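Here are some short exercises to help you find your way around a new structure. Try each task yourself, then read through the steps.

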Amino acid sequence: MSKLIVATRTGDEMVIESGKPGRTVMEMMRDEGVPDLLALCGGSRSCATCHVWVDPAFADRFPPAVEEEEELLDSSSHRQPTSRLSCQLKWSDDLDGLRVTLAPDD
Amino acid sequence: MAQPTVVIIGAGQAGFQVAVSLRELHYDGRIVVIGDEPHAPYQRPPLSKIYLLGECTDEQLLLRPATYYAQHGIDLITGKRAVAIDRSRRKVALEDDSVIDYDHLVLAMGARNRPLPVPGADLPNVCFLRTMDEAAALKARLSHTKSAVVIGAGFIGLEFAASARKQGIDVTVLDVADRPMARALSKTMSAVFMREHEKLGIKLRFKTQVMHLLGGPEGVSAVETVDGQVLPADLVVIGIGVIPNVDLAATCDLAVENGIVVDEFLQTSDPYISAVGDIAAHPNPYAPGARVRLESIQNASDQARCVAARIMGQQPAAYDALPWFWSTQGPLKLQMAGMPAADCEEVFRGEPGGSVCSVFLFRGDKLVCVETLNRPAEHMLARKLIAQRIPVTPQQVADLKFDLKSLLPKPPAAA
């Protein structure tokens with residue numbers, strides 16, 4: 001068991017209790033029905049509608065963004081140092097307790 | 001008094017998003033979603049790509065887990081068609097004779113495949129690619145396929161062609177037009193795609209039409225064109241566009257043209273009925289003068305959210321979202337921002353001969369559309385340039401050394 005904590009756009013906190021290793025953070029949030037998460041392109045690095053800010057304590061636990069993701073993040077007006085596309089973040093149980101914040105709409 | 005009810009006909013991206021947005025906006029009435037496919041709402045874009053290639057499960061296609069709907073008080077009815085709308089009494093009848101009352105009805109029936117009206121089109125191994133079931137059938141065929149003929153060089157046809165090619169299948173694409181994606185894409189970008197698809201080993205034949213499909217009970221064996229070419233094929237995929245599902249709306253006398261006619265608030269000629277997504281013929285600020293019907297995820301999602309907000313009693317806002325679109329064809333990631341338009345000045349930005357480039361379309365001095373290939377960041381930038389009407393010139397666009405990002409207003413200092 002591993003859990004993911006999501007800060008929503010309305011400032012609420014949602015706790016996803018059972019992380020799914022192998023799935024992405026975007027898919028876990030989508031399956032849980034996190035409000036305002038559009039994830040329109042379904043994880044194909046085409047839209048940036050699953051942009052999150054990763055808890056700095058966990059930021060280096062993921063492989064760095066590939067160029068395409070980097071460019072998409074760069075195009076956001078809400079980029080922060082730990083910005084990621086959540087569709088590119090694969091879950092594993094050692095991420096237990098990870099906190100992400102859904103970035104504002106662009 | 002009975003609980004207020006919103007009924008949504010259509011469980012595709014648009015119908016799904018209306019239901020989800022209503023719940024996210026804390027609608028406390030009943031929500032009923034009626035879909036004629038046997039599946040919970042799912043994403044169509046992956047069907048022609050990762051799903052076909054076996055890189056994505058049925059479960060991963062779902063927009064929400066099947067359990068989500070009951071948990072959120074959404075009555076999801078799958079595998080059933082709505083057959084009649086009684087506008088005066090505000091009721092919808094389903095094919096199983098059940099009847100559902102509504103306070104507001106949202107039509108999101110989308111579109112169906114345009115059939116190919118030639119002999120042999122009903123042979124086994126002649127396929128379409130729009131639904132999950134069609135994609136599953138195609139996927140099962142692919143491993144036995146040596147050569148495929150794709151009829152229609154539009155988005156779906158070329159997405160399929162690239163996926164099939166990746167599996168080593170010999171692929172030929174036919175179209176009556178003189179270039180790929182002729183209805184939607186600039187001549188300049190069309191030419192880039194022609195070259196890049198040929199590099200992938202896909203054979204493209206334009207200005208030709210299918211006369212008939214040859215074969216027998218065991219399946220299709222070849223495609224014969226009007227100019228007498230016979231192309232062997234053990235699989236044929238038809239991708240010649242879609243027909244909006246307006247029959248139900250026409251039967252109950254709603255205004256219908258090429259789609260269900262709606263106003264800028266996406267309301268039909270009946271104030272208790274809205275229409276969203278592929279089916280909605282709507283006025284669009286990016287296409288002045290004409291009602292348009294857009295077949296895209298963006299349009300489905302944004303229109304759905306617009307209608308959900310109006311149903312919730314928010315000050316009605318005219319639908320004015322910038323159209324954008326993507327089509328991934330093997331290694332070619334095409335994205336479009338703005339409304340495709342004919343008779344524009346086409347300005348190329350990129351290294352000639354490369355597979356990373358853009359085409360900016362100007363009407364007069366106004367930027368109206370940007371097509372990018374393998375440049376997602378420039379696509380995002382283009383969306384801002386067009387939507388915020390930021391002045392940009394063809395000279396700036398053509399100059400690769402010019403940083404287009406410098407045109408954007410400076411972001412406010414970080415909080």
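## Warm-up: a partly exposed residue

D36(A) has a relative accessible area of 32%, so D36(A) counts as partly exposed. Keep in mind that this is a predicted model.

**Exercise 1. Where in chain A is D36(A), and what is its phi?**

Step 1: Find helix 1 (25–32) and strand 3 (51–54) of chain A; D36(A) sits in the loop between them.

Step 2: Check the backbone angle. Phi of D36(A) is positive, about 70°, although D36(A) is not a glycine.

Step 3: Recall the background: most residues other than glycine have a negative phi.

**Exercise 2. Describe R389(B) in the same way: its loop, its phi, and whether it is buried or exposed.**

Step 1: Go to chain B and look at the loop between helix 9 (376–387) and helix 10 (394–398), where R389(B) lies.

Step 2: Read the angle. Phi is near 50° in R389(B), again a positive value in a residue other than glycine.

Step 3: Look at the surface. R389(B) has a relative accessible area of 59%, and the cut-off for exposed is over 50%, so R389(B) is exposed.

**Exercise 3. Which elements make up chain A, and in what order do they come?**

Step 1: Count them: chain A has 2 helices and 5 strands.

Step 2: Walk along the sequence and you get β-β-α-β-α-β-β.

Step 3: Test the overall form. A compact globule of 106 residues would have a radius of gyration near 13 Å, and chain A has 12 Å, which agrees. Its C-alpha trace spans about 35 × 30 × 25 Å along the principal axes.

Step 4: Look inside. Buried residues make up 52% of the 106 residues in chain A.

**Exercise 4. Do the same for chain B: how many helices and strands does it have, and what is its radius of gyration?**

Step 1: Chain B has 10 helices and 27 strands.

Step 2: With 415 residues, a compact globule would come out near 22 Å; chain B has a radius of gyration of 22 Å, which agrees.

Step 3: The C-alpha atoms fill a box of roughly 65 × 65 × 40 Å, and 55% of the 415 residues in chain B are buried.

Step 4: Add the charges. Chain B carries 42 positive and 46 negative side chains, with the centres of the two sets 4 Å apart.

**Exercise 5. Is L94(B) buried or exposed, and what does it touch?**

Step 1: Place it: L94(B) belongs to strand 5 (residues 91–94) of chain B.

Step 2: Its relative accessibility is 2%, so L94(B) counts as buried.

Step 3: List the partners. Leaving out residues up to four places away in sequence, L94(B) touches several residues, including I34(B), I77(B), V83(B) and I100(B).

Step 4: Pick another partner, R81(B). R81(B) is 13 residues from L94(B) along the chain, yet their C-alpha atoms are separated by 5.7 Å.

**Exercise 6. Why is there no disulfide between C50(A) and C87(A)?**

Step 1: Start with the whole structure: a search finds 0 disulfides over all chains.

Step 2: Take the distance. The closest cysteine sulfur to that of C50(A) is in C87(A), 3.8 Å away.

Step 3: Compare it with the cut-off. A disulfide needs the sulfur atoms within 2.5 Å, so this pair is too far apart for a bond.

Step 4: Finish with the surroundings: C50(A) is buried, at 4% relative accessibility.

How values were computed:
Residues are numbered from 1 along each chain as its sequence is written. Chains are lettered from A and ligands numbered from 1 in the order in which they are written. This is a predicted model: local features need pLDDT of at least 70, side-chain atom pairs count only at pLDDT 80 or more; totals for chains, interfaces and linings use all residues. Side-chain values use heavy atoms; hydrogens and water are left out. Helices (H or I, at least four residues) and strands (E, at least two) are DSSP runs, numbered from the N terminus. The radius of gyration is taken over C-alpha atoms; the globule rule is 2.2 Å times the number of residues to the power 0.38. Buried means under 20% relative accessible area, exposed over 50%, partly exposed in between (1.4 Å probe, protein chains only). Lys and Arg count as positive and Asp and Glu as negative; His and the chain ends are not counted. The place of a charge is taken as NZ of Lys, CZ of Arg, CG of Asp or CD of Glu. Contact means heavy atoms within 4.5 Å.
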